[in-house]
Amino acid sequence: MAMEEIYNRNIHVVFDCVIPFINDRNSLSLICRKSCDIEGKTRQHVTVDTHYATSPSRFCQRFPLIRSLTLHGTPEVDDHHVVFITPWVQQITSSLYLLNSVCFQTLFLSDSDIQLLAQTRGKQLRVIELSQCAGFSTLGLFHIGKYCNNLRDLCLFHNKIDENGENWLRELGSRNTVIEKLNFQGVNFDIKDLVNVAKNCSRLVSVKIDCCDFIHLVEFFWYAVNLEEFGGGEFSDDHKDEYNYSFKLPDSLKHLMMRISPRCDVKIVVPFAHLITELNCEDGFLIGSDDFRELIKSCCNLKVLYTTAQIMDQGLRDISIYCKKLRKLYVGKPGGMVSHVGVNYLAEQCVELECLHTDTVEMTNEVLSNIGKHMKKLKEFKMLLLYTDDFPLDIGFRSLFIGCDKLEKLDVYFETRGVGLSNEGLGYIGKYGCNLRHLTLGLNVGESDEGLVELAKGCPKLQYFETVGCDFSKEAFCHNPTILWPNPLSLWPNM
């Protein structure tokens, strides 16, 4: 018996040293019962799809010491697809004593579920995220504010919440002094309660709310002196003179998400633009205006920008000239046109870009080659192409992959009449996509199954592969084992 105890103790010591370096913990748990037991007891975070999961009690036996739990439901919560979370809440509140972070996504969550979770685990919980859930009201949020006094991060994202008059934000602000991140977009609130949160919580660094006129947020910004991220503000002409005298953003602010409306005067933000490193203006109407371009010219420290195609090629030219530190750029589709001309400006001057998402009306092989020539740090590239005369773009993508040897993620969609990428182009992706891990091919990519075969000969690190509207047969996926080797892929052929 003594020898067995020594053996077990040594096994635990060895696993404690080795487990931090193991990426595939699922495979580790399949070696033997001992490895399965130790792997389960050393796991700190688990994500569960409630449709395929075992019973809550069996789960808690398998992972008794986890600190973070994410539960997924259906893609959309409606009357026909409802996953009730009550059995899970009852089990985790009685079994998982170290749990300090919970995330519920697309689930049916009642007020009593939230009350039970808050009353039993409120003092331990540091993070609560409710995303696209339904079934609860502001009463449930009131219980979070009342019992979760040590909460650091509260995220309420796109939930269906019933309003019953409970002032949950006031309760949160009066009882919690350590909250750091608040995201309650889509939830009604009183601006005075938000100000009270800022007064009592000196650690507050991130707030995201529904669209609110900046003039009503003056007092909030006055108290939120450590705020680094804010989303949900807009300017209007009704208070234009008041902005000039009273409006001031915190000196610590780095990330700003605001609405660009027809009556917006973005010049008010210009004096603070040098502070901003991340700017989100996707929700707007006048992104292509001269005032907005003036704002971009002042964002000399900008590293991340979300915008729409309304910015036009001239806007991309301004970005390439004045935003030399830009690392990530997301250009959405609605309401404008960006072409290969604007993308070429970026390719030649924004050489620090690591991520580029763009919807373009036209693209050429030459511009793609320029991306490969200049953007040596590019890791993620997504393009939706609406039109091109220079097809297929095989040569351009070959040059892009040769030059951008760090590229890990590629999403391309061609809404064109001709073939955007031929079988030869897919072969180039396979040959030169040495570091590619994520690949999505959509519409007018490939001419036959031969293209898929050529692609499968390379891409040794590929982990996720999705096709949308491509001319590949199901047999091509089933009869080409090289697509699944050497790495098991997440395959999503959409025929």
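A search of the whole structure, which is a predicted model, finds zero disulfides. C133 takes part in no such bond, and the cysteine sulfur nearest to that of C133, belonging to C103, is 7.9 Å away. C155 has a comparable story to tell: because the closest cysteine sulfur, again in C103, lies 7.8 Å from the sulfur of C155, the pair is too far apart for a bond, the cut-off for a disulfide being 2.5 Å. C133 counts as buried, with a relative accessibility of 1%, and C155 also counts as buried, at 14%.

**The parallel strands 13 to 17**

Strand 13 (residues 304–308) and strand 14 run parallel and are joined by five bridges, and within this pairing L305 stands opposite L329 of strand 14. Between these two strands the chain passes through helix 13 (residues 312–322), in a β-α-β crossover that is right-handed. On its other pairing, strand 14 is joined by four bridges to strand 15 (residues 355–360), and these strands too run parallel; here V331 has T358 of strand 15 as its bridge partner.

Strand 15 in turn is linked to strand 16 (residues 380–385) by six bridges, again in parallel, with L356 standing opposite F381 of strand 16. The connection from strand 15 to strand 16 goes through helix 15, and this β-α-β crossover is right-handed. Six bridges also join strand 16 to strand 17 (residues 409–414), which run parallel, and the bridge partner of K382 in strand 17 is D411. Strand 16, helix 16 and strand 17 together form a β-α-β unit, which is right-handed.

The pairings can be set side by side as follows.

| Strand pair | Bridges and direction |
|---|---|
| Strand 13 and strand 14 | five bridges, parallel |
| Strand 14 and strand 15 | four bridges, parallel |
| Strand 15 and strand 16 | six bridges, parallel |
| Strand 16 and strand 17 | six bridges, parallel |

**Strand 14 and its surroundings**

Strand 14 (residues 328–332) is mostly covered, in that four of its five residues are buried. K328, which belongs to this strand, counts as partly exposed, because its relative accessibility is 35% and the buried class ends at 20%. Although K328 and K303 are 25 residues apart in sequence, their C-alpha atoms are 6.3 Å apart in space. When neighbours within four places in sequence are left aside, the residues in contact with K328 are K303, V304, L305, L353 and C355.

Helix 14 (residues 340–349) has as its buried residues H340, G342, V343, N344, L346 and A347. The elements that cover these buried residues include helix 13, strand 14, strand 15 and helix 15 (365–374), among them the two parallel strands that are joined by four bridges.

**Helix 16 against helix 17**

Helix 16 (residues 394–403), the helix of the right-handed unit between strand 16 and strand 17, packs with helix 17 (residues 423–432) at an angle of about 5°, the two axes being 9 Å apart. Helix 16 and helix 17 are therefore roughly parallel to each other, since angles under 35 degrees are counted in that way. From helix 16 the contact is made by D394, I395, R398, F401 and I402, and from helix 17 by E424, G425, Y428, I429 and Y432.

**Loops on either side of helix 18**

Two residues that are not glycine have a positive phi in this part of the chain. N444 has a phi of about 60° and sits in the loop between strand 18 (438–442) and helix 18 (449–456), where N444 is partly exposed, with a relative accessible area of 28%. C459, with a phi near 50°, is placed in the loop between helix 18 and strand 19 (464–468), and C459 is buried, with a relative accessible area of 6%.

The loop between helix 18 and strand 19 also holds Q463, which counts as partly exposed at 41% relative accessibility. Along the chain Q463 and R437 are 26 residues apart, while their C-alpha atoms are separated by 5.1 Å.

Terms used
Residues are numbered from 1 along each chain as its sequence is written. This is a predicted model: local features need pLDDT of at least 70, side-chain atom pairs count only at pLDDT 80 or more; totals for chains, interfaces and linings use all residues. Side-chain values use heavy atoms; hydrogens and water are left out. Buried means under 20% relative accessible area, exposed over 50%, partly exposed in between (1.4 Å probe, protein chains only). Two strands pair if DSSP finds at least two bridges between them. A crossover is right-handed if, with the strands pointing away from the viewer, the path from the first strand over the helix to the second runs clockwise. Contact means heavy atoms within 4.5 Å. Axes are lines fitted to C-alpha atoms, for helices over the stretch in contact, and angles run from 0 to 180 degrees between N-to-C directions. Angles under 35 degrees count as roughly parallel, over 145 as roughly antiparallel, 65 to 115 as roughly perpendicular and the rest as oblique.
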